[in-house]
Amino acid sequence: MTSHPPHITRLAAELEGAPDAELAVAPKSAHDVASVLHHATEKGLNVQVWGGGTRSGYGAPPPPDIVMSMERLGEVESWVPGDLTLVVGAGAPIADLETRLAGENQTAVFPEVPGASTVGGAIAAGAAALRRGRLYGTRERILETTVVTGDGRIVRSGGRVVKNVTGYDMQKLSVGAFGSLGVIVSVCLRLWPMPPAGVTVTVDSPDEVSAIARPLAVLEENGSTRVFLWGTQEVVSALSDRLDGESADGLDWPADPSGSHKWSLRVPPALTGQATAYLADDWRYLAIHGVGDIRAASDDAEAAIEIRAWAESVGGHLVVVEAPPDFQKEFDPWGSPPSGLDLQRRLIAEFDPARIINPGRLPGGI
Amino acid sequence: MTLLADLRQALGKENVLEEPLELHIYSKDASLIRGEATFVVFPQSAEQVATVVQIAASHSVPIVARGAGTGLTAGASPTEGGIVLTTTALNSVEIDPDNRTAWVGAGVINLDLSAAAAPFGLHFAPDPSSQSACTIGGNVANNSGGAHTLSEGSTTSHVLGLEVVLVDGEIVVLGGLAPDSPGLDLKGLIVGSEGTLGIVTRVLVRLLPIEPEVRTLLLDFPTMEGAVTTVSEIIAAGMVPAALELMDQRMTTAVENWLHAGLPTDAAAVLLAEVIGELEGVDSQAGQIGEIGRANDARDVQVATTEEHRALLWKGRKSAFGAMAQLAPDYYLHDAVVPRTKLVETMKTIYEIADRYDLTLLNVFHAGDGNVHPLIAFDASEPGINERVHKAGDEIVTFCLKVGGALSGEHGIGLEKRDLMRMAFTEIDLDAQARLKEVFDPTGLFNPRKVLPDGSRCFDFGGVRREVPEGAWV
């Protein structure tokens, strides 16, 4: 058991659902985060950053020495509806935030069924909305980040305006990085206005949607296809009339499928239909047509090797989002390592030299 | 062998320029800052680019990548000497209509890409005003925007993959057709890095369907304030038009004298708005924009009724910089961003600064994004004018940062704004950026001394305690 100094232990907190660790802390400021990380770097302790715990198995993190929750860093620092920008702490629960934004008919385009997930967690895990085909992924919404590096530096990049090419785009590098370039403390996000009406149309096949240039989303869930439309009442009525299907008012977003094993299958957009045909017999799935983002779940991993081999043969990936730890030991959560692995390793070494933030959680065991 | 002999052997004599006049032409981009090219090369493939990189490294000579040279911040000026690597021969275009993407050579001209995609009902969204000349490689280097960035974002949102030559000559492909490549998003880091991290040879771009309907409106206002308020109220009403572009009276006058695009020259400001989408939506949105404009005292609201009319309105906007030649021999174009809600006070301040320095200043800008482009027309031969132009420019940029804005919206930092980076970032922030550069290019081979001010990496961290307040330790 490592001894922890009082300025760290004063941050101790009870964290519901978090993995067992020597110490669980909930910092109240970026400086607190820096203290914890600096201490961990000095002592060589693994830190798992804890948001809502919804993707805690993603990337098969090793057992942590310290669990650091961002729950006390969840304030909205500024929100200017006329600028469509928001600055918010990483620990803000997405559900609460989106509810608040909806009060002004705006959205941050986070995942629609977020559960307990937080702003920082969704960004760090690279989670995207089902609307991403029309409104782009999480990466495209991040204007500025403040992160704390493994060695305790507080680094800001980007800016608080919707258009900005000032220096390297480090803020976007935080997406899907699992904190390896620094724990996200706060972000500035580009918001999107929400039009007054939405309609969900059930159709026979994704091919029918070609009658509409840019729908909000086309989702196929276990063989059933729904088209999501939004706009003024006039627009959504007219568009749904063009589709041969049953329409229902409102946007009724589905949750990702559940099971003991959860997967993210990523394929070239045009192969989405082929991928779902491939999964149909074995796995439950929710596929975003036009994007190639397929969320799947199963009760065992029997088909995984075959599906991964197919995905990788077409330039895609089968990634394990959640699975029993024993399985992740024998089946790499990410699959074949990506290109530029050496660059990734050297970049991370500049920001987390002792490799204490979620070590081993990235592809290639980084 | 000498550098010249190595380059000629690798690329053929015809692809290496060495005559003084040729070198002079390639020693400058569209900024006011000239460098000095040692040689200019035209590699024909990624493999040849890799060979040039290895040759440059072995001779310790820097490489400055160049597309069409339309950049405005000296990003492509070889200010430290070295090889100017021109990408124009990397001009392949492979459209993949099923995936709505294309693999495009870095040297392909922006507008040529959209022209090649049009038969498939697709287009490339980023549309800088220089799109008939600028290259995709240059767009990637500067994360270029354009009039239609408002609804679709800058170049970075449309790049799915990159083929890049790294400093050791390795050719890597980053990203790809499938979404969310596992690991760090290195391609996203290279977009906007101004040729300082690697040389991009091919780009996998996202193509968007051409929207079925488009409505282009021209609103003219007796005051700039009315025009700017209209922009804010359009956004506040929940609309994100494809474009919201503003020109002031001095600008419309200059354009009309040159092009006769039908712009009202007696208006203080004209707003060009464009809405795209399905038939059922565009007319009601256009109507709503017209109403908001009239409520802010717009005198007239024109809706382009034909494609010719629309093209003429856009030609007036996109040719604004070309119209400057009649006013003065030189111009200095700024690029800064302010929060949209600060546009009214920003415009007032910009005019006030120009008046104070007795300068001719015109405005044409992407109002929807808060991306201002004050343009100062001057004659560089007038004694003392250069100093006034630069002082006014610094005051404008300082003001934009003070109200929460950014140094650059779409032109980049290059050399011109490099030293202003200290106004936007702390030493620690700049040190972090310098570390990124060092990981990719430890010897400073690629476009040296651009983007980051000298000494960015010198920050003495001195242990974490500097960052942690004293009180935290008790």
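Q: Axes are lines fitted to C-alpha atoms, for helices over the stretch in contact, and angles run from 0 to 180 degrees between N-to-C directions. With that in hand, at what angle does helix α3 of chain B run to β4(B)?
A: About 175 degrees, on a scale that ends at 180. Helix α3 (residues 46-59) of chain B lies across β2, β3 and β4 of chain B. Helix α1 (residues 3-11) of chain B lies across β1 and β2 of chain B, and its angle to β2(B) is about 15 degrees.

Q: How are residues, chains and ligands labelled, and what kind of model is this?
A: Residues count from 1 along each chain as its sequence is written, while chains are lettered from A and ligands numbered from 1 in the order in which they are written. It's a predicted model, where local features need pLDDT of at least 70 and side-chain atom pairs count only at pLDDT 80 or more, though totals for chains, interfaces and linings use all residues.

Q: What makes something a helix or a strand here, and how many does each chain have?
A: Both are DSSP runs numbered from the N terminus: H or I over at least four residues for a helix, E over at least two for a strand. By that count, chain A has eleven helices and 18 strands, and chain B has 15 helices and 20 strands.

Q: What makes chain A as compact as a globular protein of its length?
A: The radius of gyration is taken over C-alpha atoms, and the globule rule is 2.2 Å times the number of residues to the power 0.38. For 366 residues the rule gives 21 Å, and chain A comes out at 21 Å, so it fits. Chain B agrees too: its radius of gyration is 23 Å, and a compact globule of 474 residues would have one near 23 Å. As for the boxes around the C-alpha atoms, along the principal axes they are roughly 65 × 50 × 40 Å for chain A and 70 × 60 × 60 Å for chain B.

Q: Why is A:V109 called buried?
A: Buried means 20 or more other C-beta atoms within 10 Å of a residue's own, exposed means 12 or fewer, and partly exposed is in between, with C-beta atoms placed from the backbone. A:V109 has 25, so it clears the buried cut-off. It sits in the loop between β6 and α4 of chain A. Buried residues make up 58% of chain A and 57% of chain B.

Q: What sets the phi angles of A:V109 and A:F178 apart from the usual pattern?
A: Most residues other than glycine have a negative phi. A:V109 has a positive phi of about 55 degrees, and A:F178 has one near 50 degrees. A:F178 lies in the loop between α6 (170-173) and β9 (183-190) of chain A and counts as buried, with 26 C-beta neighbours inside 10 Å.

Q: How do you know that A:I94, A:L97 and A:L101 are on the same side of α3(A)?
A: These three are buried residues of helix α3 (residues 94-102) of chain A. They cover an arc of only 65 degrees around the axis, which puts them on the same side; the arc is that of the directions from the helix axis to the C-beta atoms. An α-helix has 3.6 residues a turn, so residues three or four places apart point the same way. On the other side of α3(A), A:T99 and A:A102 are exposed.

Q: What makes A:Y168 and B:L189 a contact?
A: Two residues are in contact if their C-beta atoms, placed from the backbone, lie within 7 Å. Setting aside neighbours within four places in sequence, A:Y168 is in contact with B:L189, B:S193, B:Q433 and B:L436. A:Y168 is also buried, with 29 C-beta neighbours inside 10 Å. Its place is the loop between β8 (154-158) and α6 of chain A.

Q: How many residues does each chain put into the contact between A and B?
A: 78 from chain B and 71 from chain A. On the chain B side, α15(B) gives the largest share, eight residues. That side has 37 nonpolar, 28 polar and 13 charged residues, where Ala, Val, Leu, Ile, Met, Phe, Trp, Tyr, Cys and Pro count as nonpolar, Asp, Glu, Lys and Arg as charged, and the others, Gly among them, as polar.

Q: Why are β1 and β3 of chain B called edge strands?
A: Strands pair if DSSP finds at least two bridges between them. In the open four-stranded sheet, ordered β1-β2-β4-β3 (chain B), β1 (16-17) and β3 (63-66) each pair on one side only. β2 (residues 39-41) and β4 (residues 83-86) of chain B have three bridges, so they pass as a pair, in the parallel sense.
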